[in-house]
Amino acid sequence: MAPHPGGLTVHTDVHVDTEVHVDIEGHAGTGSVVRVRGLTRRFGGRTVLDGLDLEIGENEFVALLGRSGSGKSTLLRALAGLDPDVAGDGEVDVPANSSVIFQDARLLPWQRVLANVVLGASGAAAVRRGQERLAEVGLAGRERAWPNQLSGGEQQRVALARALVGEPRLLLADEPFGALDALTRIRMHGLLRELCERHRPAVLLVTHDVDEAVALADRVLVLEEGRITVDTPIELPAPRQHRHPRFLEHRERLLAALGVTQEPASPGGRPATEETSR
Ligand SMILES: Nc1ncnc2c1ncn2[C@@H]1O[C@H](COP(=O)(O)OP(=O)(O)OP(=O)(O)O)[C@@H](O)[C@H]1O
Ligand SMILES: [Mg+2]
């Protein structure tokens with residue numbers, strides 16, 4: 001653990017060759033998987049994260065919204081221990097056993113699907129775990145396929161299986177469904193929710209999509225000007241219905257927080273949505 005600019009402490013199991021204190025493993029308060037205090041990230045003269053605070057509880061599914069460029073990926077990278085240049089006067093606590101999933105599946109093209117899931121682990125137990133995860137994501141029987149023999153959605157399922165194979169305490173996901181078509185995306189929502197209920201990691205899901213956030217998360221955050229400006233619990237009956245009045249209420253409030261107004265419905269069509277100039 002090395003000091004980062006400003007004395008920020010970062011705790012993480014990922015080796016971080018950095019000057020910030022990253023403490024991976026278990027110093028978050030009881031019931032907290034992630035605890036961030038006073039996290040700052042500057043690029044040149046520009047402050048993207050500005051003394052940010054964040055807490056995520058055990059098994060909690062948190063969605064993070066924010067305009068493009070607001071710093072969502074920057075935050076996720078800092079939590080994943082992938083950013084050696086975070087600073088601040090506080091601390092970043094994330095569990096040792098965390099995994100990350102990105103918009104692109106990032107599979108190794110020279111490894112078959114099962115090898116991509118178990119990532120270097122060998123032995124019967126690892127193989128069995130890999131096979132189980134693949135079955136859970138609907139890819140039983142594709143263990144020996146090469147990544148380029150899978151569709152984009154299937155590749156993302158493999159990435160999800162890989163992310164869960166080590167039973168992480170924390171799953172960090174940066175727009176994991178951003179490149180998928182609408183139908184595949186909806187299927188992946190169901191799958192992610194189901195897998196998270198089974199494996200119970202805490203989740204931080206970065207997304208642009210307000211509907212995705214409300215459909216999946218226990219709590220939705222909005223990142224703006226370097227801080228969390230909205231932090232709202234989502235309590236809806238399961239299964240969540242997009243037409244439920246409380247779903248629509250959350251949606252509207254979050255869109256407003258993101259600076260988006262909804263125009264009255266055009267005849268026979270969905271409400272037009274447009275970004276306000278601010
Ligand atoms: N390595 C870098 N060097 C310089 N500026 C950077 C770097 N990484 C990110 N930034 C800047 O930091 C800001 C936040 O970027 P970030 O990728 O975190 O945004 P984001 O909220 O994830 O956006 P999007 O929704 O488009 O993915 C942007 O203005 C970006 O240009
Ligand atoms: Mg991003």
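1. To begin with a single position, H250 lies in helix α7, which covers residues 245–257. This placement, like everything else in this note, comes from a predicted model. H250 counts as buried because 23 C-beta neighbours lie inside 10 Å, and the cut-off for calling a residue buried is 20 or more.

2. The surroundings of H250 can be described a little further. Once its neighbours within four places in sequence are left aside, H250 is in contact with V214 and I234. As for T232, which is 18 residues away from H250 along the chain, the C-alpha atoms of the two residues are separated by 8.8 Å.

3. A second site to look at is ligand 1, and the residues around ligand 1 are F43, V48, G66, S68, G69, S70, G71, K72, S73, T74 and H208. Sorted by class, this shell has two nonpolar, eight polar and one charged residues. Helix α1, which covers residues 72–79, supplies the largest share of the shell, namely three residues.

4. Helix α5, made up of residues 182–199, allows a simple check of its length. With 18 residues at 1.5 Å a residue, α5 should span 26 Å, and this agrees with the model because its end C-alpha atoms are 25 Å apart. Just after α5 comes R200, which takes a positive phi of about 60°.

5. Strand β9, formed by residues 202–206, is largely enclosed by the rest of the structure, because five of its five residues are buried. A look at the two faces of β9 shows that both are covered: A202, L204 and V206 are buried on one side, while V203 and L205 are buried on the other.

6. It also helps to ask which strands are joined to β9 by bridges. One of them is β5, residues 61–65, which runs parallel to β9 and is joined to it by four bridges; within this pairing, V62 has L204 as its bridge partner in β9. Another is β8, residues 170–174, which also runs parallel to β9 and is joined to it by five bridges. In that pairing, the bridge partner of L172 in β9 is L204, so a student following the strands can take L204, named as a partner of V62 and of L172, as a useful landmark.

7. Finally, the path of the chain links several of these elements, since it crosses from β8 through α5 to β9, and this β-α-β crossover is right-handed.

How values were computed: Residues numbered from 1 in each chain as written. Chains lettered and ligands numbered in written order. Predicted model: local features only at pLDDT ≥ 70, side-chain atom pairs only at ≥ 80, totals over all residues. Buried ≥ 20, exposed ≤ 12 C-beta atoms within 10 Å, placed from the backbone. Contact = placed C-beta atoms within 7 Å. Near = placed C-beta within 6 Å. Nonpolar A, V, L, I, M, F, W, Y, C, P; charged D, E, K, R; others polar. Expected span 1.5 Å × (residues − 1). Pairing = 2+ DSSP bridges. Right-handed = clockwise from strand over helix to strand, strands pointing away.
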